[in-house]
Amino acid sequence: MALYLLFESASGYALFHAHGIDEIGQSVDAVRSTVLDLKRFSKAVKLAGFTPFLSAVDALNQCNAISEGIMTDELRNFLELNLPKVKEGKKAKFTVGVMEPKVGSHITESTGIPCQSNDYVQELLRAVRLHFDQFIEQLKPSDLEKAQLGLGHSYSRAKVKFNVNRVDNMVIQAIFLLDTLDKDVNSFSMRVREWYGWHFPELVKIVNDNYLYAKLAKFVVNKSDLSEKDIPALADLIGDEDKAKEIVEAAKASMGQDLSPVDLINVQQFAQRVMNLSEYRKNLYEYLVTKMNDIAPNLTSLIGEMVGARLISHAGSLSNLAKCPASTLQILGAEKALFRALKTRGNTPKYGLIFHSSFIGRASTKNKGRMARYLANKCSIASRIDCYSDMSSSIFGEKLREQVEERLDFYDKGVAPRKNLDVMKAAIDGLTNTEDDDGKENGDASVKKSKKKKSKAEANGDAMDVENATAEAETGTEKKKKKKHKLEEPKDEEMQANGDDETPKKKKKKNREAESVDPKTGTEGKSKKKKKKSKTDDDE
């Protein structure tokens, strides 16, 4: 059976006919030993067809299709032109060797051409890649290198551009920066305390907060300048008037040494830098909260912004976190302890980054491991919903959080929690209700708009249209009146004819028949007949 090799280069598609397989041998080791020799390899493999790409955009599209395992129309036409035709109802006497098995399966499904991808075919294709510029005479090695470089840049650029999880990088960078800022702010604030403590050591015991201490260090500067006039300003900074008075009294009887004006200016500038860093840290935290609510709303509502962001950053992306099983997510961040326990055959860790969640802190020491396992299960569900769902809503995360709260109550008080199926049904119902409410609001808005348009059209309508409408209405009423007159006239004539012919006896009979037809009058007639019968019986 003949073997053809399909090679996808940066410049175009190439098809090779491996007719001298017996010379090379069927084993992979024999192929590896002979591929380096161009003379021997060129005798066994020859070029059957080559079609270049039309442009760089076409090359990028073909490369994307091959990477996804899809056969394009250009590739199909190329194969049908260069491969031998197969008669209907007969098997092909050749096979096509491809590098990607997905591409081969797609070719066989759509065209019926048999394809194979094994170690032997891959070694042959590696040899083709090595000597490709020698098979095509008009193609120079420099041209092939330029095509490969340009296609590589455009392919990687497109992959980065269309990466679904590229937003996760912002969260990862933000959480890393928050951790480093916390360390820096703490170290800088301790440096401010130590530096300014030489001048005003009593202030450390009065004010414990680092940010407030830096503010006061910038405001006070020289303790000898403090007086009772500065108490309102100090109270505004601290938020406590008693502490402001205590600071003023401590400044009067301070044991610190005096500093030169240059030293005080440096302390003041450094305190300002610490304040700026702490304010930037607050802004960055707000940015992280908004970003996490956009990317992973369910995970955020379940476990919090900080712990959720740390889990995403440790896993690498939200998709990697969604692919992790619950057991891996439970010990994520405790890898060193896990491998140490496996090496020493000790107890494995029960929790990693999940330990920072408030649920595990609220659980008792006996139930911390069980709580960590249950919380990791719910976190894996929430991360998968956030990663693979099209709609961004936090309903599932809220329901999962309620489940974790119920599990805590079950461990503490013994209250039985709801079933998982019931909770998920409630979450889906809540999601559909919110969608219906949005649809109703949109519908009401469209109805209001249509009403406004109608009112505007009526206000801006021409007078001629109004007159025509009134004229048509008048003609319609006149026609209706004429019809009524025509209907009433024959009725009157019939009544007159009936009245002339009928005698008074016939009228009485008709009245009696009408009374018998009417249910009310019929009962009355029956009662009268009964009374008459009773009277005749009495007379007898």
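## A guided tour of the predicted model

Arginine 362 is partly exposed, with a relative accessible area of 45%. Select this residue in the predicted model and add glutamate 405: the two side chains form a salt bridge, 2.8 Å from N to O. The pair connects distant parts of the chain, since arginine 362 belongs to helix α21 (residues 358-362) and glutamate 405 to helix α23 (residues 395-413), 43 residues apart. Glutamate 405, at 25% relative accessibility, also counts as partly exposed.

Next, select arginine 418 and glutamate 406. Their side chains meet in a salt bridge, again given from N to O, of 2.8 Å. Arginine 418 lies in the loop between α23 and α24 (420-459) and glutamate 406 in helix α23, so this pair ties together parts 12 residues apart in sequence. With a relative accessibility of 36%, arginine 418 is partly exposed. Add Glu402 to the selection to display a network of salt bridges that links Glu402, Glu406 and Arg418.

The structure holds 9 salt bridges; another of these joins glutamate 80 to arginine 76, with the closest N and O atoms 3.4 Å apart. Both residues are in helix α5 (residues 73-82), and because they are 4 residues apart, about one helical turn separates them. Glutamate 80 is partly exposed at 42% relative accessible area, and arginine 76 is partly exposed at 31%.

Turn now to the strands and select β1 (residues 2-8). This strand is mostly covered, with 5 of its 7 residues buried. Add strand β2 (residues 12-18), which pairs with β1 in the antiparallel sense over 6 bridges. The two strands form a hairpin with 3 residues between them, and glutamate 8 stands opposite tyrosine 13 in β2. Then add strand β4 (residues 94-97), which runs parallel to β1 and is joined to it by 4 bridges. Here tyrosine 4 has valine 96 of β4 as its bridge partner.

For the helix packing, select α10 (residues 168-197) and α15 (residues 261-295). Their axes are 9 Å apart and the helices pack at an angle of about 155°, which makes α10 roughly antiparallel to α15. By class, the contact between α10 and α15 comprises 24 nonpolar, 3 polar and 5 charged residues. The crossing of α10 past α15 is left-handed.

Finally, select serine 227, in the loop between α12 (210-220) and α13 (231-238). Its relative accessibility is 27%, so serine 227 counts as partly exposed. Add lysine 252: the C-alpha atoms of serine 227 and lysine 252 are 8.4 Å apart in space, while the residues are 25 apart in sequence.

Methods. Residues are numbered from 1 along each chain as its sequence is written. This is a predicted model: local features need pLDDT of at least 70, side-chain atom pairs count only at pLDDT 80 or more; totals for chains, interfaces and linings use all residues. Side-chain values use heavy atoms; hydrogens and water are left out. Axes are lines fitted to C-alpha atoms, for helices over the stretch in contact, and angles run from 0 to 180 degrees between N-to-C directions. Angles under 35 degrees count as roughly parallel, over 145 as roughly antiparallel, 65 to 115 as roughly perpendicular and the rest as oblique. A crossing is left-handed if the near helix is turned anticlockwise from the far one by less than a right angle, and right-handed if clockwise. Ala, Val, Leu, Ile, Met, Phe, Trp, Tyr, Cys and Pro count as nonpolar, Asp, Glu, Lys and Arg as charged, and the others, Gly among them, as polar. Buried means under 20% relative accessible area, exposed over 50%, partly exposed in between (1.4 Å probe, protein chains only). Two strands pair if DSSP finds at least two bridges between them. A salt bridge is a side-chain nitrogen of Lys or Arg within 4 Å of a carboxyl oxygen of Asp or Glu.
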